[in-house]
Amino acid sequence: MGNVIDHWRDAPDPARSARAPFGRDSVVTHVADLAVSSDSPPLVLVTGPAGMGRSSLLDAVGVELAARGSTPMWLRVARKERDRPYSLASRFAAELAALRGRDVRRTAGTMASLAEAGRQLAAELRSALAVHDKLTVLIDDAHWTDPASRAVLLPLVRTLAGGPITLVCTVRPSPADLAGDRAAVEQLRNVGLAEVVPLRPLRKREVGALIAHTLQARPTEPLLAHLQHECRGRPAAVLAALAGHQRSGGLCVHERHVYLLSPDRPPELPVDLPPITYLRQLGGVVWQVAKAAAVLLPLGSVATRLTAEAVGRSEDEVRGALTELCAEGVLRQEAEEGCWQFRLPLLASALTGCLGPYERRRLAQLAVTAVWAGDTCVDDRYLAEQLVVAGRFVNPRRAADELLSLGNAAMLDDGCSAGRWLRAAADLITDRRQRARALVAHTGTCCLQLRFAEAIGSAWKVLSEYADLADPAELFETEMVYVVALAGTQNTAALTELCDDGWRSMPGGEWHRVLTRCIALCQLDRWREADEHLAPLRQVWQQNNDVVAALGLLISECIGAYMGRLGPFEEAVAGPARWPLWTSGPQHRYERLWQLVRVLMAFGEKDRADRLLTAYELPSEYRRVPDRVVADSRSGRWDQALDVARLGLATGLSIGYAPSHTLVARETSTILGARGRLTEARSVIQQARSVQPVMLHLLAVAESLLDESLGAGERALRLITESLAQAASRELVVGTDLLWLRKAELELARGDGTVARQCMDETRTVAELTGTSHARLCHLLATAVVEGDRAAAEEAIRLARRRAQPLEMADTISMAVRHKVGDAELLHEAYALYGDLDALLRRAQLRNVMRERGVTVPHRRVVTAENERLLAVLVTEGLTNRELATVLGSSEKSVEGRLGRLFKRTGYRSRVELASAMLTDECPV
């Protein structure tokens, strides 16, 4: 069956599904049409690159023919039949004889010569046609047909012209063992007796549909890109990679989306994978060379010599094996002399997994030695990975030094790999002091990448075993990482113990312990206690060590800002370079800037955060997951924000840095709610409350909008009131401007103007206290809504334009017009902004306002399509008909009618079918 990669079969079992391989339904229909049409050529060849699932498609053609009432004849050719003369011809004749109830064994055993075989097969065909009006013969893997059978079958094709028999065969494109028959096939094509149907690799969208169907979850863009690179659009390879990543724990499914957790970690492919089994059967030399090549081919022209050394064979034998692997579709030869490359990177990963520990280390040793000797040049990543594997098979001191250097250099750009390299370096080092420094570097790298489980192990090792050898500054940083990692691993018990009494026994000086406890208190949402603990001991932590003083200053600025004392923080934003550690290296500068940016974003000051990043040329790719989510969300890049946010929420990458997790949950639930994903938005909020409950009042506005959409206005108001009380109990000011604005609007809705005015006054207080443009916007809107002040509304709209946040701008216009203090014609602008964000629910809600204000809703067809898509989304979210009616502002009877029309148009018979189709992007709405 095919060459090596063909052994990855990609089709669903035809007994269980009549669907074609993804993206090939039209191909199946075309081939089936050719099989049953009277004016089609008698020979149809289905071809495609190795591993494209030709057999799968043929299975689907068989199912399609059966559905049309036609029963095809099946012939599957095995590789071993290539060396058995007349194997396929005799089986074909036997199957034809069986159609008339004749003795299969007698017929199959009578072929002794080419002429006799031709006469016998022709006679059987004529006899079969006497009892069959139309016969389709499906021949799978016809390239393994023995030469004698091909010599019989190809001439017979001419005699079938215009007749009721069609041969549908799957073949490899231009395989070496069919070289002599290409001319005959071309002649048949030229005279219209053969048609070739080529299969192409799956496109990215089709790969996405395959993954969604397999895992019942949408793949994210990084996962799709990774699988496209590793599998080259081969569906069977995609499925094998998915299964391998699942076995290794590399995939995570969260809220109907699937994520690749560690792109640097290869999938755990079984050693009995069919392509691997096939390679084993090709012979000892080929098998040994294939395994070694998986490691050594990146070394270029020296790979042949090193492979020969590894497998104990001559270079000529190795070249012969590599040539055979090329013929089998495993490798392709590069333009550079003596260089090869795997056609499918995934197969190289599978072969590497077949190596024993000693084999793998020995190959790594050969690779490293060649690089160190200057025989070849490779990229740093390849060298580092081989150093990690080789371990003490090479000079451990040099290996450790290079791993340390490479790991520190990649700390910001490739943190996942850098952490692994630094950990390996620490394991190779015997000097305790140097090992302590390597562990500190590993701890910091893991923390930067939010890989807290790894960070906590190295951090504790430093604190418990190497505290006496670590530099005081490094020791303090390790303590900070340890606390953050405890939060990142949700170890609330350890954090509580540390806050209550454990901080007194932490290593280092008193200044270490003071700040360590302060950070732990913040992670537990005990902000007032943290402030009261930090401020009186300022003289302790500010004068003993530059690093401690600098980090203590940063912590103090941020806590003060959250509590409404923004003076020191604003000074830091105005001159971040005055910070003591600014010149100590890029890592410290980036940490300083990102912390300032993070606080600005928490206060809604995206424009100022952007200016700060631009002024100091901070690379955006160094943003951590939570910061990227907030920035993308506020900038209107919602799809991008959701992809990153879901990964962070699913894997805990947004936990650890208070209040990052809450900010991510707020932005995510806001986006989902605006798009009609109400249940998923609620789930995000509930997770935030249970995983890292820090500054939960920041979630209240997003959650109250969900309540209001479902008609629970009183619950929404109660939630806002409770959240304001919660913020007050912690003496937190951040985020309360929006809460007071929301409460003012809800109080007005229930008719309590007095309380609404009190809320308006509170927005003024917050605006004066913080001085932020976001707080001023909230005060202007509250004044406009409560007092009916059109001038305040106009100023709010101008301010929102300057702040340039799409959702905020649209919401500002919508609020002003709804409360009749804004020009109704502005609704077109808000409507377009919601459209750019794909905010389906907000668009639908705004359409109701537009109709009430007599504003024409543009593009009737677009509106109809959006209404159907929103209805499908809400059904997928599990809403009842009553809830649907509330959200859409219509009656239950109207909803029933709309659902009936939707089901009729799409052909789905139930909500479950519709939800499944929405998940895999198959729903035509």
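Hi everyone. The protein chain I'm showing today has 47 helices and 10 strands. Please keep in mind that this is a predicted model. The chain has 925 residues, and buried ones make up 58% of them. Taken along the principal axes, the C-alpha atoms fill a box of roughly 105 × 75 × 40 Å. If we take the contacts with a separation of 6 or more, 67% of them come from residues 24 or more positions apart.

Let's begin with the strands. In what order do the five strands of the open sheet come? Reading across, we have β2-β3-β4-β1-β5, and the pairing is parallel. The edge strands are β2, at 73–76, and β5, at 194–198, each of which pairs on one side only. On average, and ignoring direction, neighbouring strands of this sheet are turned by 15 degrees against each other.

I'd like to stay on β2 for a moment. Its partner is β3, residues 135–140; the two run parallel and are joined by four bridges. You can pick out the register from individual residues: R76 stands opposite D140 in β3, and the bridge partner of L75 is I139. Now, which side chains of β2 are buried, and which are not? They alternate along the strand. M73 and L75 point to one face and are buried, whereas W74 and R76 point to the other face and are not.

There is a helix on this sheet too. Helix α3, residues 87–99, packs on the sheet and touches β2, β3 and β4, the last of these being residues 165–171. The direction of α3 makes about 160 degrees with that of β2.

Over to another sheet. Here three strands form an open sheet in the order β6-β8-β7, with mixed pairing. At the edges stand β6, at 218–219, and β7, at 251–254; each has a single partner strand, so one side of each is left without a neighbour in the sheet. Strand β8, residues 257–260, pairs with β7 in the antiparallel sense, over four bridges. If you want a spot to click on, try V253, which stands opposite V258 in β8.

Next, helix packing. Two packed helices are described by the angle between their axes and the distance between the axes. I've picked two pairs.

My opening pair is α20, residues 432–448, and α22, residues 472–488. They pack at an angle of about 40 degrees, with their axes 10 Å apart. Why call this pair oblique? An angle of about 40 degrees falls outside the ranges for roughly parallel (under 35), roughly perpendicular (65 to 115) and roughly antiparallel (over 145), so it counts as oblique. The crossing is left-handed. On the α20 side, the residues are R437, V440, T443 and C447, and they meet E474, T478, V481 and V484 in α22. By class, the residues of this contact divide into four nonpolar, two polar and two charged.

The other pair is α33, residues 660–674, and α34, residues 678–691. Their axes come within 8 Å and cross at roughly 170 degrees, which makes α33 roughly antiparallel to α34. From α33, the contact includes H661, A665 and T668, and from α34 it includes L678, V684 and I685. Sorted by class, there are eight nonpolar, five polar and one charged residues.

Let me finish with two single residues. A241 is found in helix α10, residues 235–247. Is A241 buried or exposed? With 1% relative accessibility, A241 counts as buried. Leaving aside neighbours within four places in sequence, A241 is in contact with L227, C231, P267 and L346. We met L678 a moment ago in α34; the C-alpha atoms of A241 and L678 are separated by 33 Å, and the two residues are 437 residues apart along the chain.

And then T770, which is found in helix α38, residues 753–770. T770 has a relative accessible area of 6%, so T770 is buried. Which residues does T770 touch, not counting those up to four places away in sequence? The partners are L566, E570, F603, V733 and A775.

That's my tour. Thanks for listening, and I'm happy to go back to any of these views.

Key
Residues numbered from 1 in each chain as written. Predicted model: local features only at pLDDT ≥ 70, side-chain atom pairs only at ≥ 80, totals over all residues. Heavy atoms only, no water. Pairing = 2+ DSSP bridges. Axes fitted to C-alpha atoms, helices over the stretch in contact; angles between N-to-C directions. Contact = heavy atoms within 4.5 Å. Left-handed = near helix turned anticlockwise from the far one by under 90°. Nonpolar A, V, L, I, M, F, W, Y, C, P; charged D, E, K, R; others polar. Buried < 20%, exposed > 50% of the residue type's maximum accessible area, 1.4 Å probe, protein only.
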